[in-house]
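I opened this entry to look up the nonpolar core, then the cysteines, then how the helices are packed.

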Amino acid sequence: MVGVDERMTVKELCAKHNISQTALARRYGIPLRTVQNWCGDQCPARISH
């Protein structure tokens, strides 16, 4: 994805790029439950490049 800020949360990333949690999980091969946990603040998930 273009325009990813390394301080952006996964939840913010989904919102910025108008992508669902399911679509993100499928696109990157991440278990959906993991993405749901990240978006639910169960993990301090940050995007890094």
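I looked up the largest nonpolar core (buried Ala, Val, Leu, Ile, Met, Phe, Trp, Tyr and Cys residues joined through side-chain atoms within 4.5 Å) and found nine residues in it: Met8, Val10, Leu13, Cys14, Ile19, Leu24, Ala25, Val35 and Cys39. Helices H1 (10–16), H2 (21–28) and H3 (32–39) are the elements that each give two or more residues to this core, and H1 gives the most, with three; helices here are DSSP runs (H or I, at least four residues), numbered from the N terminus.

I note that this is a predicted model, in which local features need pLDDT of at least 70 and side-chain atom pairs count only at pLDDT 80 or more, while totals for chains, interfaces and linings use all residues. Residues are numbered from 1 along each chain as its sequence is written, and side-chain values use heavy atoms, with hydrogens and water left out.

Next I searched the whole structure for disulfides (cysteine sulfur pairs within 2.5 Å) and found zero. Why is Cys14 not bonded to Cys39? The closest cysteine sulfur to that of Cys14 is in Cys39, at 4.5 Å, which is too far for a bond. Cys14 is buried at 7% relative accessible area and Cys39 at 6%, where buried means under 20% (1.4 Å probe, protein chains only).

Last, I checked H2 against H3: their axes, lines fitted to C-alpha atoms over the stretch in contact, come within 9 Å and cross at roughly 130 degrees, on a scale from 0 to 180 degrees between N-to-C directions. H2 is therefore oblique to H3, as angles outside under 35, 65 to 115 and over 145 degrees count as oblique. For contacts (heavy atoms within 4.5 Å), I listed Gln21, Thr22, Leu24 and Ala25 in H2, which meet Leu32, Val35, Gln36 and Cys39 in H3.

Notes: Buried < 20%, exposed > 50% of the residue type's maximum accessible area, 1.4 Å probe, protein only.
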